[in-house]
Amino acid sequence: MNTTLNAQPVGYKAKAFEARNLAFFFLLVYGLNAFLWVSVSIFGLKVPTSSADPVLPWLLVALPAGGGPTIVAFLLTAITEGRSGVKALWGRFWNRNLSLKWLLVTLLILEGLNLAANLVARLVDGQPYPIVDTSSPLWTYIPLFLQAFVVSGMAEEFGWRGYVLPRFQAKWSALVSSLVLGLIWTCWHIQAFFIPGLPLYQRNFWVYALWIILSSIFYTWIFNNTKGSVLAAALLHSAANTPVILIPEQSPSWYYYGILLLAVILIVIIFGPKNLVRQKPAEAVAQASAQAMSD
């Protein structure tokens with residue numbers, strides 16, 4: 001039964017905040033993560049590390065947890081909006097709002113920031129740090145990128161950006177929505193820091209948290225400027241997980257985070273914190289008029 005008619009957002013904002021639906025979303029998403037944690041900590045489930053380790057038990061638990069944001073987004077959309085809502089959410093992946101300009105921004109923005117941080121580190125430290133990861137041939141990054149696109153981008157972004165972000169932006173500015181979602185997104189990863197075999201195991205949580213919260217602003221910026229393209233968010237997620245440009249591990253992390261923070265500040269100043277979208281004068285006047293009429 002449809003309880004929320006025509007709730008699917010047009011563009012990057014939803015018509016309403018939908019607090020109850022969001023509460024169910026986070027409850028279910030975090031619940032799937034909790035089931036993974038219980039399976040590991042209590043029942044001894046382990047990440048397969050060799051061909052001799054059983055794979056199926058891990059996949060049955062890990063896939064729903066890792067893909068929880070997308071799974072729950074479609075589940076709640078089906079319950080509240082029916083088939084038309086599911087079709088609309090899926091259509092946000094295939095819309096044609098991702099122009100060539102924003103496609104290049106999506107694929108290259110993080111690599112550009114990595115390069116800037118690398119060059120700053122080389123200049124300040126006076127060390128000839130390698131710029132490109134040559135441990136593997138560059139062509140091998142293509143399958144890694146595609147893998148990340150599916151298991152991280154598509155598995156998460158229908159939820160974080162396709163479902164949650166438009167509803168957040170119905171209540172808060174794009175900047176505030178990014179920070180709130182970034183914090184929630186960070187906490188969703190916590191259990192991965194305690195499960196042996198996962199990429200985040202025993203890494204510095206606070207450094208990672210800073211990265212996630214700041215990068216959330218980039219996701220919103222690109223998502224909003226592509227009129228709510230889940231495809232753009234998934235591509236950015238994949239690019240973030242398969243970097244080619246190296247950030248020197250020997251250098252202090254503030255080189256990179258300084259560059260990241262500077263880029264965020266410039267985006268907020270140039271595009272504005274409300275929508276992170278630069279509006280043409282005519283569009284700004286039309287939006288102001290519509291807001292005045294609604295008030």
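This short talk walks through the protein chain shown above, from its overall build to its interior and then to one chosen residue.

Before anything else, please keep in mind that what we are looking at is a predicted model. If we begin with secondary structure, the protein chain has 10 helices and zero strands, and when we read along the sequence the pattern is accordingly written α-α-α-α-α-α-α-α-α-α.

Let me turn to the overall dimensions. Taken along the principal axes, the C-alpha atoms fill a box of roughly 60 × 50 × 30 Å. For a chain of 295 residues, a compact globule would be expected to have a radius of gyration near 19 Å, and because the protein chain has 20 Å, the two values agree. When we look at contacts between residues at least 6 apart in sequence, 78% of them join residues that are at least 24 apart.

Now for the surface and the charges. The protein chain exposes about 15600 Å², and 70% of that area is supplied by carbon and sulfur atoms. There are 18 positive and 11 negative charges, and the mean positions of these two groups are 11 Å apart.

Moving inside, 46% of the 295 residues count as buried. The largest nonpolar core has 63 residues, and the members that touch the most other members are Phe-25, Trp-160, Trp-211 and Phe-218. Several helices give two or more residues to this core, including helix 1 (19-41), helix 5 (141-169) and helix 9 (254-271), while the largest share, 12 residues, comes from helix 7. Which residues does Phe-218 contact, once we leave aside its neighbours within four places in sequence? The answer is Ile-109, Leu-113, Leu-236, Leu-260, Ala-263, Val-264 and Ile-267. There is also a second, separate core of nine residues, and among them are Val-61, Ala-62, Ala-65 and Ile-195.

Finally, I would like to look at a single residue, Asn-118, which lies in helix 4. Is Asn-118 buried or exposed? Its relative accessibility is 0%, and since buried means under 20%, Asn-118 counts as buried. If we do not count residues up to four places away in sequence, Asn-118 touches Tyr-129, Pro-130, Ile-131, Leu-246 and Pro-248.

To gather the main points, we have a predicted model with 10 helices and zero strands, a largest nonpolar core of 63 residues, and a buried Asn-118 in helix 4.

Technical notes
Residues are numbered from 1 along each chain as its sequence is written. This is a predicted model: local features need pLDDT of at least 70, side-chain atom pairs count only at pLDDT 80 or more; totals for chains, interfaces and linings use all residues. Side-chain values use heavy atoms; hydrogens and water are left out. Helices (H or I, at least four residues) and strands (E, at least two) are DSSP runs, numbered from the N terminus. The radius of gyration is taken over C-alpha atoms; the globule rule is 2.2 Å times the number of residues to the power 0.38. Buried means under 20% relative accessible area, exposed over 50%, partly exposed in between (1.4 Å probe, protein chains only). Contact means heavy atoms within 4.5 Å. Accessible areas come from the Shrake-Rupley method with a 1.4 Å probe; for residues, only the protein chains shown count as cover. Lys and Arg count as positive and Asp and Glu as negative; His and the chain ends are not counted. The place of a charge is taken as NZ of Lys, CZ of Arg, CG of Asp or CD of Glu. A nonpolar core is a set of buried Ala, Val, Leu, Ile, Met, Phe, Trp, Tyr and Cys residues joined through side-chain atoms within 4.5 Å.
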